Amino acid sequence: MARIIGGLTTSHIPAIGNAIARGLQDDPYWKPFFDAYPPIRAWLAEHRPDVAINIYNDHGLGFFLDKMPTFAVGAAHEYRNEDEGWGIPELGAFPGDAALSWHIIESLVDQEFDITSCQELAVDHGFTVPMQLFWPGAPDNPDMPRAVPISANTVQHPIPKLSRALAFGRALRRAILSWPEDIKVVVLGTGGLSHQLDGERAGFINTEFDQWCMEKIVDDPEALARIGRMELVEKAGSQGTELLMWLMMRGALGDRVRRLHQNYHVPVSNTGAGTMLLECVG
Ligand code: DHB
Ligand code: FE
């Protein structure tokens with residue numbers, strides 16, 4: 001039977017992909033951010049997950065304003081990176097696990113989450129940057145797990161409620177645990193924390209709110225699920241809606257988790273960057 005071993009959060013800022021491509025990990029601007037990752041890589045090397053469920057938000061690449069699924073699940077054999085960003089070297093395709101994807105889709109729809117299934121899905125920095133952070137050299141790192149991308153709409157309102165994001169994660173947990181193969185699964189929640197890239201409040205970051213979120217996500221995700229969507233935009237900025245991914249991830253981990261590692265660094269580009277490793281208990 002499939003097991004969920006833990007969850008990882010990270011910002012997915014495109015500038016990180018650029019810093020990786022240029023080897024800037026020890027640069028004074030970047031070092032406090034990149035220093036968060038070796039302990040998480042050590043945990044991954046010890047536990048060797050077979051599959052990474054990568055919960056991210058598409059930024060207008062795979063989906064655009066003309067068609068915007070609220071929740072979408074990848075069901076492809078591989079996922080191409082077509083991110084526009086920063087002139088970084090092209091990455092190869094990321095291998096998927098179509099059989100597991102279809103099981104998850106069947107189970108979610110059975111649980112009345114009427115998602116969009118995607119047999120073809122181009123992925124952007126929301127998906128690729130975290131894979132590169134956790135598995136350096138990805139997609140060419142032989143230890144990199146197969147990926148199942150799951151995207152929620154944070155681009156075009158109405159976005160899903162935070163309570164719905166948490167409920168989605170819990171349904172995803174039931175879906176994964178009912179997969180008969182004996183595999184280990186890690187769940188990524190990518191994006192956030194507070195940031196606003198445009199409009200009058202461009203550059204807005206709310207450190208106090210970010211740190212409160214990093215506390216609550218461990219033992220009290222319900223407190224986060226009670227935040228209203230417009231309240232989230234006020235507190236975290238218009239792109240701080242990416243906190244939805246953290247709630248979806250957290251729902252998939254079950255009731256009890258152990259926080260093994262965390263880092264908060266601000267700013268990276270325009271964003272409060274929160275990195276966490278939560279291990280499932282029991
Ligand atoms: C930035 C952050 C994001 O989440 C994103 O998708 C693009 C850019 C930034 O801070 O630059
Ligand atoms: Fe983003």
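**Entry 1: ligand 1**

I began at ligand 1, where a polar side-chain atom of His12 lies 3.2 Å from an oxygen atom of the ligand. The model is predicted, and I read every value below as computed from it. I then looked up His195. An N or O atom in its side chain is 2.8 Å from an oxygen atom of ligand 1. For Ser269, the corresponding distance from a side-chain N or O atom to a ligand oxygen is 2.6 Å. I also checked how much of the ligand is covered. On its own, ligand 1 has 300 Å² of accessible area, and the protein covers 90% of that.

Next I listed the surroundings of ligand 1. Four histidines came up: His12, His59, His125 and His195. Ile13, Pro14 and Leu197 are also there. So are Glu242, Ser269, Asn270 and Thr271.

**Entry 2: helix 5**

His125 from the ligand list took me to helix 5, which spans residues 125–134. How many of its residues are buried? I found 10 of 10, so I noted the helix as mostly covered, with buried meaning under 20% relative accessible area. The buried set runs from His125, Gly126, Phe127, Thr128 and Val129 to Pro130, Met131, Gln132, Leu133 and Phe134.

I looked at the N-terminal end too. Asp124 caps helix 5 there. One of its side-chain oxygens lies 2.8 Å from the backbone nitrogen of Gly126.

**Entry 3: helix 10**

I ran the burial check on helix 10, residues 243–251. Nine of its nine residues are buried, so helix 10 is largely enclosed by the rest of the structure. I wrote down the members: Leu243, Leu244, Met245, Trp246, Leu247, Met248, Met249, Arg250 and Gly251. Arg250 is on that buried list.

**Entry 4: aromatic rings**

I counted ring pairs and got 14 aromatic pairs. I opened Trp30 and Phe33 to see the geometry. Their ring centres are 6.2 Å apart and their planes stand at 70°, so I logged the pair as edge-to-face. Trp30 and Phe33 are both buried.

Then I took Phe71 and Phe168. Their ring centres are 4.4 Å apart with the planes at 20°, so this pair is stacked. Where do the two residues sit? Phe71 is in strand 3 and Phe168 is in helix 6, 97 residues apart, and the pair links distant parts of the chain. I checked burial for each. Phe71 is buried at 8% relative accessible area. Phe168 is buried at 0%.

I also traced a cluster. Tyr29, Trp30, Phe33, Phe34, Tyr37, Phe134 and Trp135 form one aromatic cluster. Phe134 belongs to helix 5 as well, where I had it among the buried residues.

**Entry 5: salt bridges**

The count here is 11 salt bridges. I looked first at Arg170 and Glu222, whose side chains meet at 3.0 Å, N to O. This pair links distant parts of the chain: Arg170 lies in helix 6 (residues 162–177) and Glu222 in helix 8 (residues 221–225), 52 residues apart. Are the partners buried or exposed? Arg170 is partly exposed at 30% relative accessible area. Glu222 is partly exposed at 35%.

I moved on to Asp220 and Lys216. Their salt bridge is 3.6 Å, N to O. Asp220 is partly exposed, with a relative accessible area of 27%. Lys216 is partly exposed, with 25%. I also noted one network, in which salt bridges with shared partners join Arg80, Glu82 and Glu120.

My last bridge was Asp66 with Lys67, at 3.3 Å, N to O. Asp66 and Lys67 are exposed.

**Entry 6: a nonpolar patch**

I finished on the surface. Phe64, Leu65 and Val155 make a nonpolar surface patch of about 270 Å². I looked up the place of Leu65 and found it in the loop between strand 2 (51–56) and strand 3 (71–74). What is the relative accessible area of Leu65? I read 42%, so Leu65 goes down as partly exposed.

Terms used: Residues are numbered from 1 along each chain as its sequence is written. Chains are lettered from A and ligands numbered from 1 in the order in which they are written. This is a predicted model: local features need pLDDT of at least 70, side-chain atom pairs count only at pLDDT 80 or more; totals for chains, interfaces and linings use all residues. Side-chain values use heavy atoms; hydrogens and water are left out. A salt bridge is a side-chain nitrogen of Lys or Arg within 4 Å of a carboxyl oxygen of Asp or Glu. Buried means under 20% relative accessible area, exposed over 50%, partly exposed in between (1.4 Å probe, protein chains only). Helices (H or I, at least four residues) and strands (E, at least two) are DSSP runs, numbered from the N terminus. Patches are made of residues with over 30% relative accessible area and no salt bridge: like charges are joined within 9 Å, nonpolar side chains (Val, Leu, Ile, Met, Phe, Trp, Tyr) within 5 Å. Accessible areas come from the Shrake-Rupley method with a 1.4 Å probe; for residues, only the protein chains shown count as cover. A residue is near a molecule or strand if one of its heavy atoms lies within 4 Å of it. A polar contact is a pair of N or O atoms within 3.5 Å; within protein, one must be able to donate a hydrogen and the other to accept it, and residues adjacent in sequence count only if both atoms are side-chain atoms. Rings of Phe, Tyr and Trp (its six-membered ring) pair if their centres lie within 6.5 Å; planes under 30 degrees apart count as stacked, over 60 as edge-to-face and the rest as tilted.
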